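Colleague: I am new to this structure and should be grateful for a close look at one part of it. Please take me through that part step by step.

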Amino acid sequence: MSLKRFVSTFAVLAASIGFAVLPGSQPVAATAPTVIDIVGVPGAFGFNAAGFCAITQTGSNKELYCWGVNFSGRLGVGDTNARNFPTKALPNPASGFTNTNVTAVAMGAMSVCAIEGGSVYCAGTNSSGQLGDGTTTNSALFVKVADNNTVTPPVMNSGFSKIAVGNNTACGLKMSMLYCWGADTYGLIGDGAGSTSGSTRPIMLSDASPFINGAISDFGLSGKHACLLRDMGQANDKKIYCWGMTGASAVGGTPTYDLAFRNVATIVPNAAPFTNGNVDSISVGEEGTCVVDAGVVRCFGADNGGNITAASSPGPKWPAVTIPDASPWSNSNVSKVFAGATSACALKSGAVYCWGNDFSGSLGDGVGANAGRGAVKVASSNGFSNTNVTKVAIAAQTVCALEGGSLWCWGNWGSQLASLVPNGATADVFEPVAAVWPVPPTVTSSPATVSPNGGTITIAGSGFSGTTSVSIDSTVAQFSVTNAGSIDIIVPALAAGTYTISITTPGGVITQSLTIGSAPTTTTPSGVGAAPQLVTSANQGQLTQTAGGFTVIQNGSAVSATLTRVNASAASAAATPPAQRSADQVAELQVAGASLLAAFQASLPQGATSNVTVSNTTTGAVLRGLAQDASGNAVDVPVEDVLLITTPSSALLLAGVNATNAAANLSASGVLEIGPGGVINVAGSGLPNSGAAELVVMSTPRLLKSFTAGADGTFADRASLPSDLPAGNHTVVLAGSGIYMAVGITVGATTLPTTGGDSSAVVVVALLIFALAAVLVRSRRLATITR
């Protein structure tokens, strides 16, 4: 294997790994549409070759779907993100592309072109003018190829019937005549001008005796050469002409490796056993060309991986090599041939046979990976009969076949196959499997009202896998897909009102109404320390706790409660000064922080929201969106300074902020140590709907703040401890009608130092309370104490 081929092979392997199927990224299987055409990237090898496009038909609509590497937006889906599932190309009102009547498509390494209503539209890289719109501006949507009024006769973008795309050049067939645009590398525009400056608009392929531009029935492009089939409709006059780089003999002729090229269509010479006159089909690969010559497949050019000779002997091949018989394959009565970069396939009596390199299963016969092999029959498996195949497409190491309106693929499992494999793929596929198509998304449930403070909401339904974007009106929202039936969306703080959530998935866009409710009503007493109404001498004794103690009282009785804290499960890491933590300790805190957040989110009842998130730092992790200081400034809370208390029907996330805006320390024994004048933050759900609630500190009960919960029982508030609160042990109580949650804390004579958090961050402690309507998710990374 040459160094060049080794590097190219490595590139494909890298592409495969880089775009492997990710957990939860696979669309749910749906009733597949009727596929009427499939194309790959036969003329390129490596990373950018990973891709396919298919045309489907539903009723009278003919729609384009593409997937694979999305270099510069070549898939026409509006962005540059790779797709490992068939994704419908977006319409572009600005250019007139509707994606409802696509009749032809071609895919290159850098761009894709399609024909709709006889006009050509292209998407992707345009650095060489290969989109043909008269500019060199890339586009992730299909733009219309421009008319060319600078040539005589003018070239109008209408009446096109077929298209081919190379690396940076494209050609279209119109009334049996060929027009090209883009880069003129190796003379690929074929205008014979001698200049290689290229064109950003279509120009006519030049006549060059004996070639006359007309009667063209087929053609193909790679990044280095091009060929066409000219059929004069009489015996011995169906001839192949080629142009471009001559070095690998892909254009026919003496085999050499050099940079010489032909800039006009030149007839491929006769050279036994090939006689140029009865060519039925042609196909252009990366550095090779294959023809069906009076029913016999012959190939010439570079022998990469055995796509010309199974032995993959080095050097260009000319004269053309006849693909040898190898039962059940016999090289006769072949109807079509499909050349690829390292393998090739042929159709005979509705069955597909392939030969060449099989290291990714691209021969499809069910045998494990092999080096170069002779022609084998693709396996009949998984519903693929291999008796009625009408089209084959090759892209690098992956092959797809069209049979009975259905699509089947095999080979490499990267961006090309990926979610086309039912139930996902984690290895190369050695025999055909049916393509899996995304389903249109549906919504079965979503929160009716969301707090104006924002937070994470969960929408249930189907078809969410592969979601590419979420917006709330015009605001882009962050999201994560749990599975095909559930998506979590982070709603930012918004003013009260009605909004529209738009979720874009492979199966389409679905919208859902979102109502942002009014902020909870808060009442502040005239002076801190006023007498509370819900905590009295009658229940004071039941609520009083020692430092680090906790209790939950519901309807007059204590209920079983569980305490979860990071500084117990990751004790050594939490106790180590942040600047001295090892990489393992940092990672341990980050994992524990993620588990804490997951447990907290699991405690929320369905429809309740929270804007609390976890963010990793260089010394651990912090919770964000949780707390504010006395001035209302948001403050991050180190995960090791947080308490989570849960019961079967309630939850409390507790911390505190010192008057100096430093985080209140949570001791190794679970005691919150806060300085005088520190701030207690509360947020959560589970209080009586629209009910009165109080935040109280005692020995002698003193009211910190009273407030009214939201209509759904949610709340978010904060209150400062009295500056004259004596040092020592105290109890903080959140009280609502019928529910009390109490935690024993220690108030210092002066502000106590914090032990956790990022040394460069403002650290906070906050108090959050959440009603538990679902079973709490507990992580094995967190210590639990049950009382």
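How many bridges join β42 to strand β43, and in which sense do the two strands run?

Modeller: Please bear in mind that the model is predicted. Five bridges join β42 to β43, and the two strands run antiparallel. Strand β43 covers residues 620-628, while β42 comprises residues 613-617. One of the pairings can be named by residue: threonine 617 has glycine 620, in β43, as its bridge partner. As general background, the strands of a sheet pair through backbone hydrogen bonds, and the pairing may be parallel or antiparallel.

These two strands belong to an open sheet of three, in the order β42-β43-β44, with antiparallel pairing. Its edges are formed by β42 and by β44, which spans residues 634-638. Each of these edge strands pairs on one side only. From one strand to the next, the twist averages 40 degrees.

A helix completes the picture. Helix α5, made up of residues 583-602, lies across β42 and β43. The angle between α5 and β42 is about 175 degrees.

For comparison, another antiparallel pair may be inspected elsewhere in the chain. Strand β21 (residues 336-339) pairs with strand β22 (residues 343-348) over four bridges, in the antiparallel sense. Here a hairpin of three residues joins β21 to β22. Within this pair, phenylalanine 338 has cysteine 345, in β22, as its bridge partner.

Terms used: Residues are numbered from 1 along each chain as its sequence is written. This is a predicted model: local features need pLDDT of at least 70, side-chain atom pairs count only at pLDDT 80 or more; totals for chains, interfaces and linings use all residues. Side-chain values use heavy atoms; hydrogens and water are left out. Two strands pair if DSSP finds at least two bridges between them. Axes are lines fitted to C-alpha atoms, for helices over the stretch in contact, and angles run from 0 to 180 degrees between N-to-C directions. Contact means heavy atoms within 4.5 Å.
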